[in-house]
Amino acid sequence: MLKNKEIILGVTGGIAAYKAAELLREMTRREANVHVVMTQHAQQFVSPLTFQTLSGNPVLSEMFRLFMGSKIGHVTLADIANLTVIAPATANILGKIANGVADDLLTTMVMAMKVPVLFAPSMNVNMWESSFVQNNVERLKAYGYQFIGPAEGDLACGSEGRGRLADIAEIIEKIEDIFTKKDLQGQRILVTAGPTLEPVDPVRYITNRSTGKMGFALAKMACRRGAMVTLITGPNYLSLPRSDIPQIVVHSAREMREAVREQYDDCHIIIMAAAVADFRPQDTRGGKIKKRENGTYALELEKNPDILKELGENKGDHILVGFAAETSELMENAEAKLKEKNLDLIIANDVTQPGAGFGVDTNIVKILDTRGRARKLPLMTKEDVADIILDQVVKLVKKKEKGLPWPRNW
Ligand code: C5P
């Protein structure tokens, strides 16, 4: 998404200026071409050499010297840029831009710019909460400028509260979001992720190898594309760099079923990426099962509800997408599930293939639709897989909006 994008990174004079180097690294890792513009104060915190080395471009700060010695002027750079990110943004820069002051290269450039400008503020909590800053932020938002953070936590000045620079991952996510076409705007999507845990006794459970990565990638990409996403997930160790995705954490399949049912009427699209346990212990013991010296143990299992199948029986005009994690007869099993569960799409993945399935950041899948078409994807990141699945979902949404036959009868 950021590949070959021209991005101006404005660095202003706050203690978080050192974090801008990490932000720059993350942007260049994604193959953006970054031009750093520093204010005079920023150079008291970090040397321009750091940014020059990391970006591979000259660091700009002086307005008039620049015009004499370089072809790139503030207007030229403002013209070629796809986005400006000001991180950290001090109270001072917010105040200047909100009030039309253009007394250095960065402020002048922002004024000459038609592309999106993103501020990542960082300052003392009392400064952030002051009416001066808050009024300036409101004014900037009304002009169409965008904001990420500040976050809450320990501040460099020794106090605690809102004022920390947003996490670098969140700033990157916001930048990706700005560049993403909002083709799922207005859609409410429910995504399930992760494993379920089926208790055996108070200390033990049975589960599976799912980590939730595929579902989390789907939730993130759908949200980036403008959907309102709710994520229902089994226990996991993942974090999402977005605060706008409500997460409901459940444990057992039955808990997941309840959570899904509660959300079902309010959403248009359900993507069940969760690896719901098919079976659970018939009796959950009240106390810990004791170790015996000899003998075997038998665990009686009973079937869990098939959540997706139940949704398919009561489909209405929902779009239903399922996953089929298989170890053999991939296509046959996936096709059978597509029909049996009354789905619109099924994502088949052979979890025995290296780089596919549980726990890894990549996947190898085939996407099957109700017309018998199968799209085979090579090894790619789960985020890229998520995007391609969502492309298919967008097509289904358009078809539905046009009133084409829906849902298909088997
Ligand atoms: O039948 P199988 O478990 O392979 O089906 C996989 C699909 O069905 C996945 O989308 C999974 O989330 C969903 N599923 C479910 N409830 C179950 C088992 C699977 O919703 N009990």
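Ring pairs bring Phe119, Tyr145 and Phe147 together as a cluster in this predicted model. The structure as a whole holds two aromatic pairs. Phe147 also has a charged partner, for the charged end of Lys141 sits over its ring, 5.6 Å from the centre. A similar arrangement can be found at another ring, where Lys5 lies over the face of Phe179. In that case the distance to the ring centre is 5.0 Å.

The ligand offers a good next stop for anyone turning the structure around on screen. The space that the ligand takes up is the largest pocket. Around the ligand, one stretch of the shell includes Met272, Ala274, Val276 and Asp278. Pro305, Asp306, Ile307 and Leu308 also belong to these surroundings, and so do Gly322, Phe323, Lys337 and Lys341. Two elements can serve as landmarks here: the helix α13 (307-313) and the strand β16 (319-326) each supply at least two residues of the shell.

Several of these neighbours can be followed down to single atoms. An oxygen atom of the ligand lies 2.7 Å from a polar backbone atom of Met272. At Ile307, a polar backbone atom is 3.0 Å from a nitrogen atom of the ligand. Asp306 takes part through its side chain, where an N or O atom is 3.4 Å from a nitrogen atom of the ligand. On its own, the ligand has 440 Å² of accessible area, and the protein covers 89% of this.

The backbone has some details that are worth a look too. Most peptide bonds are trans, and most residues other than glycine have a negative phi. Against that background, a cis peptide bond joins Ala87 and Pro88, with omega at about -5°. Pro88 can be found in strand β3, which spans residues 83-89. Another cis peptide bond joins Gly149 and Pro150, and its omega is about 5°. Here the proline is placed in a loop, as Pro150 lies between β5 (146-147) and β6 (151-154).

Phi angles give two further places to visit. Glu329 is a residue other than glycine with a positive phi, near 40°. Its place is in the loop that runs between β16 and α14 (330-340). The strand β16 has already appeared above, as one of the elements that supply residues to the shell around the ligand. Asn342, again a residue other than glycine, has a positive phi near 60°. Asn342 is found in the loop between α14 and β17 (345-350).

Technical notes:
Residues numbered from 1 in each chain as written. Predicted model: local features only at pLDDT ≥ 70, side-chain atom pairs only at ≥ 80, totals over all residues. Heavy atoms only, no water. Phe/Tyr/Trp six-rings, centres within 6.5 Å; stacked < 30°, edge-to-face > 60°. Lys NZ or Arg CZ within 6 Å of the ring centre and 35° of its normal. Near = heavy atom within 4 Å. Polar contact = N/O pair within 3.5 Å; in protein donor to acceptor, adjacent residues only side chain to side chain. Areas by Shrake-Rupley, 256 points an atom, 1.4 Å probe, with all protein chains shown as cover. 1 Å grid on protein atoms, 1.4 Å probe; cavity = no way out; pocket = protein on both sides within 12 Å on 5 of 7 lines; lining within 4 Å. Sits in = over half its atoms within 2 Å of the grid points. Helix = DSSP H or I, 4+ residues; strand = E, 2+ residues; numbered from the N terminus.
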